[in-house]
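Got a minute to poke at a fold with me? Let's ask what earns each label its place.

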Amino acid sequence: ISSVVAYGLCSGMTDEGGYCISVKGVFDKAEYICIVMGAQENGEYGLATALLEWASESYSLFTLKKKGDKIGDIPVMLSGTHSQTALRLESDISVLLKNDSAQNSDYKYVLSLDEETVSAPTEKGQRVGYMNVWHDGQLIACVGVTVEENIERNPFLTFMEGIKAFLGGRVFLSSLVFLAIIIVIMLFISYMKPKI
């Protein structure tokens, strides 16, 4: 096969299975597994060759988006210098599709983030979600989405966030309720105490 590199051949024969062969074919960075069963004697090689040639002529690897393409922005919390950072694709979005339909098809890109925001510090290349690609109602690709840059955490904002978390936490609220109950009891006792 001229355009296909084939390797990993494994062939054999049984009475019930006939002549069989399995082979891996690689073309245009795409990989196919070809399995032929029930062939006539010495016919399995020709059938495998024909199947791999058909696949290489009928299908192509299409790169829809490139690694590093910007696909949006995400807000950054706890950073005094950045309110947001860009989202980049972790790798190419490449799909193997039939030649006669791939060019005229609509692709639906759905961004799925772990959270709506990211908190500093961040590291360049830190994965925060995925880009899913749909074609004819089927999920055909899923690629990681990463943040564009390193962003340091602002110490003052971190301190304020800690105070906010403490003030809104259960321990603090429970302490306030307990203190309010003690004050009410003390007021009640002082009111009920006989005056001299």
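Q: What makes the link between β2 and β3 worth a look, and which residue there takes a positive phi?
A: In this predicted model, β2 and β3 form a hairpin with two residues between the strands, and Asp28 takes a positive phi near 50°. Strands here are DSSP E runs of at least two residues, helices are H or I runs of at least four, and both are numbered from the N terminus.

Q: How do you know that β2 and strand β3 (residues 30–39) pair?
A: Two strands pair if DSSP finds at least two bridges between them. β2 and β3 have eight, in the antiparallel sense, so they meet that definition. To put your finger on one bridge, look at Val23, whose partner in β3 is Cys34.

Q: What joins β1 to β2?
A: A hairpin does, through three residues. Strand β1 (residues 5–14) and strand β2 (residues 18–27) run antiparallel, joined by eight bridges. Ser11 has Ile21 in β2 as its bridge partner.

Q: How far can you trust the model, and what is its mean pLDDT?
A: pLDDT is the predictor's confidence in each residue, from 0 to 100. The mean for the protein is 84, and 88% of its residues reach 70 or more. Among the elements, strand β6 (residues 84–89) has the highest mean at 95, while helix α3 (residues 155–167) has the lowest at 66. Where pLDDT is low, the predicted coordinates should not be read in detail. This being a predicted model, local features need pLDDT of at least 70 and side-chain atom pairs count only at pLDDT 80 or more, while totals for chains, interfaces and linings use all residues. Residues are numbered from 1 along each chain as its sequence is written, and side-chain values use heavy atoms, leaving out hydrogens and water.

Q: Why is the pair of Phe27 and Tyr32 called stacked?
A: Rings of Phe, Tyr and Trp (its six-membered ring) pair if their centres lie within 6.5 Å; planes under 30 degrees apart count as stacked, over 60 as edge-to-face and the rest as tilted. The centres of Phe27 and Tyr32 are 5.5 Å apart and their planes sit at 10°, so this pair is stacked.

Q: What makes Trp54 and Tyr59 edge-to-face instead?
A: Their planes are 70° apart, with 5.8 Å centre to centre, and that gives an edge-to-face pair. The structure holds three aromatic pairs. Phe27, Tyr32, Trp54 and Tyr59 form one aromatic cluster.

Q: Why is Phe27 called buried?
A: Buried means under 20% relative accessible area, exposed means over 50%, and partly exposed is in between (1.4 Å probe, protein chains only). Phe27 has 4%, so it counts as buried. Tyr32 is at 22%, so that one is partly exposed. Trp54 is partly exposed too, at 46%, and Tyr59 is partly exposed at 21%.

Q: How do you know that the length of α1 agrees with what a helix should span?
A: The expected span is 1.5 Å times one less than the number of residues. For the 15 residues of α1 that should be 21 Å, and the end C-alpha atoms are 21 Å apart, so the two agree. Its buried residues are Glu44, Ala48, Leu52, Ala55, Ser56 and Ser58. Thr49 lies in α1 (residues 44–58) as well, but Thr49 is partly exposed at 31%.

Q: How many disulfides does a search of the whole structure find?
A: Zero. A disulfide needs a pair of cysteine sulfur atoms within 2.5 Å. Take Cys20: the nearest cysteine sulfur is that of Cys10, 9.7 Å away, and Cys20 is in no disulfide.

Q: What makes β8 and β9 edge strands?
A: The open sheet of six strands has the order β8-β10-β11-β6-β5-β9, with mixed pairing. β8 (107–113) and β9 (118–119) each have a single partner strand, so one side of each is left without a neighbour in the sheet. β9 runs parallel to strand β5 (residues 70–77), joined by two bridges.

Q: What sits over the ring of Tyr109?
A: The charged end of Lys65, 4.8 Å from the ring centre. The rule asks for NZ of Lys or CZ of Arg within 6 Å of the ring centre and within 35 degrees of the ring normal.
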